[in-house]
Amino acid sequence: MNKFKLYFIVFATLTVLFSCNKSDGPSITPPRDYQAQYDTEIETIRDYLKTYYIESITSSSDNSDQDIKLTKIPTGNTTLQSIWHSPLLDSTVVTYDEVDYKVYYIKLRLGNAAGTSPVSVDEVLASYKGSYLDYETTTVDGASVVNLTSTDFEYIPYPDNFIALNQTIRGWQKMFPLFKSGVINTNPGPNPIIYSDFGAGVMFLPSGLAYYNMGSGSIPSYVPLVFSFKLYDVRRADQDGDGISSIYEDLNHDGDFTNDDTDGDGTQDYLDIDDDGDGYFTKTETKYTDSSNVVHYYPYNGAAVDDPTTLIDETKGVPSCGSDFITPTRLRRYLDPSCH
């Protein structure tokens, strides 16, 4: 079981235990101030970026393609280029809980130009290696010496299933969309499926975008995380099974799927089987029966050109109540409570 799924199981278990027996259970230390903790951790991350360098990046035609090795610069060495000065280093800002987190990341490869960038409710097939950053105090010749260390905690080189991003840490939800999927090798031979030209990089996450005060397994609380990763494939998810891919249920197009609730019933549209609350399932309002009494479902937008080899007209997306199949801004009938 990967640690992302484990985290949610542990969190749910602890919540039940402490809520059922508050008087006898152990006390929980209140979380630290998010901004203050971030201010501390961003300096740790920058310390790492300035004292480590990219020792190697593998270029190959197999699963080792884009393997990266980050190594600490030997004391006194002035010739090796730190990650901090590498042209591959970039950054973005992620706002969460009123804190603006600056997230540094290494762009090894953005992915295939025709590939798919995931959104936070999609599923990804990705390999990754995770480590955490912490300071270790040792004694050298009777004096205390503080060293920044990087400790590995998980390595998944050959993923065998897709991971739902909305069930992972927030840092993953924000960083994977910056990359694209690769191309499947259609002639893998005796080997497992091989992807090429996939997105690959390294993300450096403050704990506020990861596990924060909870920790997870061997990961301590309040430590920044480093993930090297490869984004092989993306699968559009439909969390509520209503026939509308979740990517289309961000109605205000702000990238946040938790603030779209058409009928105001407290369930976000991407989790709601009746988006407009009219008593008719969304899936019912997006289907039709052809002249041969065969049931079909309208595609969300409709294709630019009809496929003559199929029985349906792909150019007709989910219609409005007035049978408008084309206008991008139309109110589709499953979002119109007056239309069934």
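Over residues 5-28 the pLDDT, which is the predictor's confidence in each residue on a scale from 0 to 100, stays under 50, and for this stretch the model has 13 contacts beyond four places in sequence, a contact being defined by heavy atoms within 4.5 Å. The chain as a whole averages a pLDDT of 89, and 89% of the residues score at least 70. The structure is a predicted model, in which local features need a pLDDT of at least 70 and side-chain atom pairs count only at pLDDT 80 or more, whereas totals for chains, interfaces and linings use all residues. Residues are numbered from 1 along each chain as its sequence is written, and side-chain values use heavy atoms, with hydrogens and water left out.

The chain contains three helices and 13 strands, where helices (H or I, at least four residues) and strands (E, at least two) are DSSP runs numbered from the N terminus. Of its 340 residues, 39% are buried; buried means under 20% relative accessible area, exposed means over 50%, and partly exposed lies in between, as judged with a 1.4 Å probe on protein chains only. Among contacts between residues at least 6 apart in sequence, 61% join residues at least 24 apart.

Nonpolar side chains tend to be buried together in soluble globular proteins. A nonpolar core is here a set of buried Ala, Val, Leu, Ile, Met, Phe, Trp, Tyr and Cys residues joined through side-chain atoms within 4.5 Å. The largest such core has 51 residues, and those with the most contacts inside it are Trp172, Phe204, Leu225 and Phe227. Elements that each supply at least two residues of this core include helix 2 (34-51), helix 3 (170-175), strand 5 (123-140), strand 6 (143-156) and strand 11 (225-235). Another core, of eight residues, lies apart from the largest one and has Tyr298, Tyr300, Val318 and Phe325 among its members.

Valine 318, from this eight-residue core, is found in the segment after strand 13 (295-297) and counts as buried because its relative accessibility is 0%. When residues up to four places away in sequence are not counted, valine 318 touches Ile244, Thr286, Tyr298, Pro299, Tyr300, Asp324, Arg330, Arg332 and Tyr334. The C-alpha atoms of valine 318 and glycine 302 are separated by 7.6 Å, although the two residues are 16 apart along the chain.

The segment after strand 13 also holds both partners of a disulfide, cysteine 321 and cysteine 339, so the pair ties together parts that are 18 residues apart in sequence. This is the one disulfide of the structure, a disulfide being a pair of cysteine sulfur atoms within 2.5 Å, and its sulfur atoms are 2.4 Å apart. The torsion about the S-S bond is about 95°, so the disulfide is right-handed. Cysteine 321 is partly exposed, at 42% relative accessibility, whereas cysteine 339 is buried, at 6%.

A search of the whole structure finds 20 aromatic pairs. Rings of Phe, Tyr and Trp (its six-membered ring) pair if their centres lie within 6.5 Å, and planes under 30 degrees apart count as stacked, over 60 as edge-to-face and the rest as tilted. The rings of tryptophan 172 and phenylalanine 176 have their centres 5.0 Å apart and their planes at 65°, so this pair is edge-to-face. Phenylalanine 176 also pairs with phenylalanine 229, with ring centres 4.9 Å apart and planes at 55°, so the second pair is tilted. This tilted pair links distant parts of the chain, since phenylalanine 176 lies in the loop between helix 3 and strand 8 (183-184) and phenylalanine 229 in strand 11, 53 residues apart. Ring pairs link Tyr105, Tyr128, Phe153, Trp172, Phe176, Phe179, Phe227 and Phe229 into a cluster.

A charge sits over a ring if NZ of Lys or CZ of Arg is within 6 Å of the ring centre and within 35 degrees of the ring normal. Lysine 129 lies over the face of tyrosine 155 at 5.9 Å from the ring centre, and arginine 32 lies over the face of tyrosine 222 at 3.8 Å. Tyrosine 222 is in the loop between strand 10 and strand 11 and is buried, at 15% relative accessibility.

Most residues other than glycine have a negative phi. Tyrosine 222, however, has a positive phi of about 55°, and glutamine 66, in the loop between strand 1 (52-57) and strand 2 (68-72), has a positive phi near 70°.
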